[in-house]
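Hi,

Here is the structure I promised you. Open it in your viewer and keep it beside this email while you read.

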Amino acid sequence: MPRTKSLATLIEHYGDERVFKPRAIKIPSVYKILNREIFNNQLKNPKITIRRMHGALGLFEFNPYATKYCYRITIHNKFKNFQEFVEILGHEMVHYYQKLILKQNSAKHNKQFYSFRKKFKKLGLNLKRIYR
Ligand SMILES: [Zn+2]
């Protein structure tokens, strides 16, 4: 059995011209790759939902009173291409890291956030505050 596909292979497979509509079943494999390559597998599995959003492509939320999932990542239902989807998922995972590992109360685009930029770049990904 080959190891999990590399991110570069996936990005190449999808190309950058094709609109990407994430499906729930596909997300965990990309999440797993990012968790391994960027976060040394330190992240757990938050609730990830897909829905049409206005004014944002991704969202990270923390709710200490939630009965099942205190951590939630919401992803927009349509991206310019696969790479944009990966970048947004990665961006929200940085916010998750800030909360889960660094215990920062409000996960902002601060110094710790941008400290991940190098690791993103190594994978050919952009880490920005705003994508469109
Ligand atoms: Zn952000």
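Before anything else, one term: two strands count as paired if DSSP finds at least two bridges between them. With that in hand, here is a first example: Thr 49 has Thr 74 in β3 as its bridge partner. Please also keep in mind that this is a predicted model.

**The overall picture**

The protein has 5 helices and 3 strands. Starting at the N terminus, the order of elements is α-α-β-β-β-α-α-α. If you turn the C-alpha trace along its principal axes, you get spans of about 40 × 35 × 30 Å. A compact globule of 132 residues would have a radius of gyration near 14 Å, and the protein has 14 Å, so the two agree. As for burial, 25% of the 132 residues count as buried. Now look at the contacts with a separation of 6 or more: 67% of them join residues that are 24 or more positions apart.

**The sheet**

The 3 strands make an open sheet, and you read them across in the order β1-β3-β2, with mixed pairing. At the edges sit β1 (47-50) and β2 (58-62), each of which pairs on one side only. From one strand to the next, the twist averages 20 degrees.

What makes the pairing mixed? β1 and β3 (residues 71-75) run parallel and are joined by 4 bridges, while β2 and β3 pair in the antiparallel sense over 5 bridges. You already met Thr 49 and Thr 74; another pair to click on is Ile 48 with its partner Ile 73 in β3. On the β2 side, find Gly 58, which stands opposite Ile 75 in β3.

Strand β3 also has two faces. Tyr 71, Ile 73 and Ile 75 are on the covered face, and Arg 72 and Thr 74 are on the uncovered one.

**Helix α3 and the core**

Next, find α3 (residues 82-100), which lies across β2 and β3 and runs at about 20 degrees to β2. This helix has 19 residues and reaches 26 Å from its first C-alpha to its last, close to the 27 Å expected at 1.5 Å a residue. Of those 19 residues, 17 are buried, so α3 is largely enclosed by the rest of the structure.

In soluble globular proteins, nonpolar side chains tend to be buried together. Here, the largest nonpolar core has 20 residues, and the members touching the most others are Phe 85, Val 86, Ile 88, Leu 89, Met 93, Tyr 96 and Tyr 97. At least two residues of this core come from each of α2 (27-39), β3 and α3. Which of them supplies the largest share? That is α3, with 9 residues.

Leu 89 is a good one to centre your view on. Not counting residues up to four places away in sequence, Leu 89 touches Val 30, Tyr 31, Leu 34, Gly 58 and Ile 75. You have seen two of these already, since Gly 58 and Ile 75 stand opposite each other in the sheet.

**Two residues with a positive phi**

Most residues other than glycine have a negative phi. Asn 41 is not a glycine, yet has a positive phi of about 60 degrees. You will find Asn 41 in the loop between α2 and β1. Is Asn 41 buried or exposed? Asn 41 counts as exposed because there are 10 C-beta neighbours inside 10 Å, and the cut-off for exposed is 12 or fewer.

Lys 103 is not a glycine either, and has a positive phi of about 55 degrees. Look for Lys 103 in the loop between α3 and α4 (111-114). Lys 103 is exposed too, with 7 other C-beta atoms within 10 Å.

**One last stop: Phe 113**

Phe 113 is in helix α4. With 19 C-beta neighbours inside 10 Å, Phe 113 counts as partly exposed, because a residue needs 20 or more to be buried. Leaving aside neighbours within four places in sequence, Phe 113 is in contact with Val 94, Gln 98 and Lys 108. If you want a distance to check, the C-alpha atoms of Phe 113 and Ile 33 are separated by 19 Å, and the two residues are 80 residues apart along the chain.

Have fun clicking around!

Note on methods
Residues are numbered from 1 along each chain as its sequence is written. This is a predicted model: local features need pLDDT of at least 70, side-chain atom pairs count only at pLDDT 80 or more; totals for chains, interfaces and linings use all residues. Axes are lines fitted to C-alpha atoms, for helices over the stretch in contact, and angles run from 0 to 180 degrees between N-to-C directions. Two residues are in contact if their C-beta atoms, placed from the backbone, lie within 7 Å. A nonpolar core is a set of buried Ala, Val, Leu, Ile, Met, Phe, Trp, Tyr and Cys residues joined through C-beta atoms within 7 Å. The expected span of a helix is 1.5 Å times one less than its number of residues. The radius of gyration is taken over C-alpha atoms; the globule rule is 2.2 Å times the number of residues to the power 0.38.
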